[in-house]
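Dear colleague,

I am handing over the structure below, and my notes on it follow. Please read them with the coordinates open beside you.

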Amino acid sequence: MATTDISRGPLRRAVVTGAAGFIGSHLCQTLLSLGVSVIGADRRSPDQHQGAAINLAAILHQPGFIFIPGDLRTCAVEPLLLDADVVFHLAGIPGVHPSWGADFDDYVASNISATQRLMRAITRLRIPRLVVASSSSVYGATDGSPSAETDRPRPASPYAVTKLAEEQLCLAYAARPDCDTTVVALRYFTVYGPRQREDMFIQRLVTAAMTGQRVSIYGDGNQRRDFTYIDDAVSATIAAATAYLPNSIINVGGGTSATLNDVLDHTQKITGQTINVHIADPRSGDVPATCANSSAARRLLGWNPRTDLNTGISAQADWLATRYSTSSVAI
Ligand code: NAD
Ligand code: UGA
């Protein structure tokens, strides 16, 4: 295991932005189970958004958790952060394809401008650590060999450009002589598991297996991803808050490289259903392969992913089966 930064003491109070989202809600839940008090902020409030309500259902009324609705583009940030030992900044607009379109302004405002507002407040309040969600997409189109953090980023979509800007912005603040915050940027590789976003591939496949809906596969299905199970992503994220580290960029990849066609096969076997697939045109910015070089995560965080793809997809199918109250899933 990596050495814990004892000069900072134990983790007592955390702020999680994007708390109503997929990764953020799991992170909040695990932090609470470890006895950490959590302030969760998100512009999607469970009162008004069904997805936020589903994601936060297990923790909304748990002691130690306070949910604050707020849009980081405009809300008062400093009151959220008072006395925090760490800020986990997961709020942002994800997804590659929509970033080519009219929503790009929101990508820029939420991923870059809102992050700058947050960094100004974090610096002023001398929060000891920021863990920020970056993305494997910053590597762009690779030949499929493992990407190391020192590789030159070649973002292939507007989304990826904003994520690269976001992590570099945080690191630029951290490099200022008057900044007491250590920044750890985690480049997550395609995270999946219960509560995965509805636009993502595995969620669409498992949903299709349960409902009979059709799924589009963009291209020939030979795109390869280093799929990362949510519990593994969360354990890396918490390690990044507590390990003794300088300002860093660290890959978080699940080590389960598979093509979309492999994932289709696994999902059909796990659910016992034949999935109705439509082959659609490839989409711009959709890189052929991602693969993490995980040596920095091992060395700096003492982290190794533990969940293989079959186990992870089964857990996701179990969770969706509960939601759909179906008995047709053979797991
Ligand atoms: P998500 O959409 O489920 O969660 C993001 C949350 O951020 C949402 O609840 C959204 O309401 C909130 N948000 C967006 N803009 C906001 C704003 N201006 N103010 C306040 N809240 C705002 O997405 P996710 O899949 O959980 O991803 C979380 C983070 O991880 C994102 O930054 C994403 O870019 C990054 N990431 C995700 C993956 C993945 O595979 N899911 C991989 C790499 C990086
Ligand atoms: C995912 C997240 O969606 C991004 O927010 C994140 O930044 C990125 O991981 C990352 O690793 O950094 P992606 O790998 O494209 O992006 O994950 P999915 O949205 O699940 O798509 C995986 C593959 O399936 C892509 O090739 C996509 O084109 C394809 N896909 C997706 C389909 O063929 N059909 C669909 O309905 C959805």
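**Helix α5 and its packing**

The buried residues of α5 pack against β4 (86–89), α4 (104–124), β5, β6 (182–188) and β10 (248–252). Please keep in mind throughout that this is a predicted model. The helix α5 is 17 residues in length and spans 25 Å from its first C-alpha to its last, which is close to the 24 Å expected at 1.5 Å a residue. Most of α5 is covered, with twelve of its 17 residues buried; among them are Pro-158, Tyr-159, Lys-163, Glu-166, Glu-167 and Cys-170. Two of these buried residues, Tyr-159 and Lys-163, return in the next section, since both are listed among the residues that come nearest to ligand 1.

**Ligand 1**

There are 28 residues around ligand 1, and those that come nearest are Phe-22, Asp-42, Tyr-159, Lys-163 and Val-191. From α5, the side chain of Tyr-159 places an N or O atom 2.7 Å from an oxygen atom of the ligand, and the side chain of Lys-163 has an N or O atom 2.8 Å from an oxygen atom of ligand 1. A backbone N or O atom of Ile-23 also lies 2.8 Å from an oxygen atom of this ligand. Taken alone, ligand 1 exposes 820 Å², of which the protein buries 95%. The elements that give two or more residues to its shell are α1 (22–33), β5 (129–135) and α5 (158–174), and the largest share, three residues, comes from β5. Sorted by class, this shell holds 13 nonpolar, eight polar and seven charged residues.

**Ligand 2**

Around ligand 2 there are 21 residues, of which Ser-135, Ser-136, Tyr-159, Ser-216 and Asp-286 come nearest. Tyr-159 is thus named among the nearest residues for ligand 1 and for ligand 2. Where polar atoms are concerned, a polar side-chain atom of Asp-286 lies 2.6 Å from an oxygen atom of ligand 2, while an N or O atom in the side chain of Thr-190 is 2.8 Å from an oxygen atom of that ligand. On the backbone side, a polar atom of Ser-137 is 3.4 Å from an oxygen atom of ligand 2. On its own, ligand 2 has 690 Å² of accessible area, and the protein covers 93% of it. Two or more residues of the shell are given by each of α6 (201–211) and β8 (214–218), with β8 giving the most, at three residues. The classes in this shell are nine nonpolar, seven polar and five charged residues.

**Ala-209 in α6**

One residue of α6 deserves a separate note, and that is Ala-209, which lies in this helix. Is Ala-209 buried or exposed? Its relative accessibility is 7%, and because buried means under 20%, Ala-209 counts as buried. Leaving aside residues up to four places away in sequence, Ala-209 touches Thr-271, Gln-273 and Ile-275. Ala-209 and Gln-268 are 59 residues apart in sequence, yet their C-alpha atoms are 7.3 Å apart in space.

With kind regards

Definitions and conventions
Residues numbered from 1 in each chain as written. Chains lettered and ligands numbered in written order. Predicted model: local features only at pLDDT ≥ 70, side-chain atom pairs only at ≥ 80, totals over all residues. Heavy atoms only, no water. Near = heavy atom within 4 Å. Polar contact = N/O pair within 3.5 Å; in protein donor to acceptor, adjacent residues only side chain to side chain. Areas by Shrake-Rupley, 256 points an atom, 1.4 Å probe, with all protein chains shown as cover. Helix = DSSP H or I, 4+ residues; strand = E, 2+ residues; numbered from the N terminus. Nonpolar A, V, L, I, M, F, W, Y, C, P; charged D, E, K, R; others polar. Expected span 1.5 Å × (residues − 1). Buried < 20%, exposed > 50% of the residue type's maximum accessible area, 1.4 Å probe, protein only. Contact = heavy atoms within 4.5 Å.
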